[in-house]
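Please load the model in the viewer and keep the selection panel at hand. The stops below proceed from strands to core to enclosed space.

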Amino acid sequence: MSNQLQALRDITTVVADTGDIEAIKKYQPVDATTNPSLLLKAAEMEQYRSHLENAVAWAKEQSDDADQQIIDAGDKLAVTIGTDIVNIVPGRISTEVDARLSFDTQGSIEKAHKLIALYKEAGIDKSRILIKLASTWEGIKAAEHLEKEGINCNLTLLFSFAQAQACAEAGAYLISPFVGRILDWYKAKTGKSEYAANEDPGVLSVTKIYNYYKEHGYKTVVMGASFRNIGEITELAGCDRLTISPGLLEELSNTDAPLDVKLKDTGVTSAPGKPLDEAAFRWELNQDPMATEKLSEGIRNFAADQVKLETLLKSYL
């Protein structure tokens, strides 16, 4: 009998949710994804010291302004780690735009262009890159612009159906609905400490989004993210992609229980309805306290880790 990780790979594209090169080599995912928190964790590892030193040295050659040097070093580090990863995986690497640009469409577009240019200098074509953006209205509009330029995007920090609908209507290449963080919110608010996998509110959210996309013919890829346990993962078996942390990849590889297909594409059955405009999007998001709180919290936390990473880089100046 194959283990659950092997079985999952037969029906879902497995993505590594880590910046740790050794973990990626071990589990051999198709794609990989990083964010400021994962980059900070990687940067604190001894084996990445030379990457930090090289990023700062490069930044010093670009500008005499200390603040700009730190920004440039952060971008260079993200691309350097991303380049290491994309040279291991057969698919794509997701690299995130600074969370502090989450409400700045033009700033997000410019940062995406910079990251793509840095990858090009490293010999990596844009077809191997996904630019990660927060699923704010501004982030979604940035993605819409970038997609028209042929730069594919991964819309992250996605907690609500309204965000998913707007992303699909914008032509986003991929979305990352956060399963575990939805569960965290419901546990905190309801006092209910355990949920069966098929009743997990994060699982139900992704299932609804997946079915909606397939029923209406949207091409946007659904990649479940932010898992708390393997039950959430196995309940979404069949999803387009799932991005999974090394710890849960290990648990799946050590589990021999059968794995059933839970999500299936049964084809287009109806045309999409009226698209969301900005007012409707903001209203629908406002009406979902979980999504509103978790989106704001996620942006704050990613921004905080970006600041910590920049503080670490300053020590190399």
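Begin by selecting strand S1 (residues 13–17) together with S8: the two run parallel and are joined by four bridges. The coordinates belong to a predicted model. Within this pairing, Ala16 has Ile244 as its bridge partner in S8.

Next, add strand S7 (residues 221–224), which pairs with S8 in the parallel sense over two bridges. Here the bridge partner of Met223 in S8 is Arg241.

Now display the side chains of strand S8 (residues 241–244). Which of them point one way, and which the other? Arg241 and Thr243 share one direction, while Leu242 and Ile244 take the other. All four are buried. In general, side chains in a regular strand alternate between the two faces of the sheet.

**The nonpolar cores**

From Ile244, extend the selection to Leu8, Ile131, Leu133, Leu155, Ile175 and Tyr213; these residues, Ile244 included, touch the most other members of the largest nonpolar core, which has 99 residues. Centre the view on Tyr213 and show its surroundings. Leaving aside residues up to four places away in sequence, Tyr213 touches Ala164, Cys167, Ala168, Ile175, Tyr218, Thr220 and Val222. Apart from the largest core lies another, of five residues, including Val15, Leu130, Val221 and Met223. As a general matter, nonpolar side chains in soluble globular proteins tend to be buried together.

**The cavities**

Turn next to the enclosed space. How many cavities of 30 Å³ or more does a search of the whole structure find? The search finds three. The largest cavity holds about 160 Å³ of space. To locate this cavity, select Asp75, Ala78, Glu96, Asp98 and Gln306, which lie nearest its centre among the 18 lining residues. Then colour helix H3 (36–43), helix H5 (66–86), strand S3 (93–96), helix H6 (105–121) and helix H14 (289–314), the elements that each give two or more residues to this lining. H5 supplies the largest share, four residues. By class, the lining of the largest cavity comprises seven nonpolar, five polar and six charged residues.

Finally, move to the second largest cavity, with a volume of about 70 Å³. Its lining consists of Glu96, Val97, Asp98, Ala99, Leu101, Ser102, Ser108, Leu133, Ala134, Thr136, Gly139 and Leu157. Six of these lining residues are nonpolar, four are polar and two are charged. Keep Leu133 highlighted at this last stop: this residue lines the second largest cavity and is also one of the residues that touch the most other members of the largest nonpolar core.

Terms used
Residues numbered from 1 in each chain as written. Predicted model: local features only at pLDDT ≥ 70, side-chain atom pairs only at ≥ 80, totals over all residues. Heavy atoms only, no water. Core = buried A, V, L, I, M, F, W, Y, C linked by side-chain atoms within 4.5 Å. Buried < 20%, exposed > 50% of the residue type's maximum accessible area, 1.4 Å probe, protein only. Contact = heavy atoms within 4.5 Å. 1 Å grid on protein atoms, 1.4 Å probe; cavity = no way out; pocket = protein on both sides within 12 Å on 5 of 7 lines; lining within 4 Å. Points joined across faces, edges and corners; volume = space filled by probe spheres on them. Nonpolar A, V, L, I, M, F, W, Y, C, P; charged D, E, K, R; others polar. Pairing = 2+ DSSP bridges.
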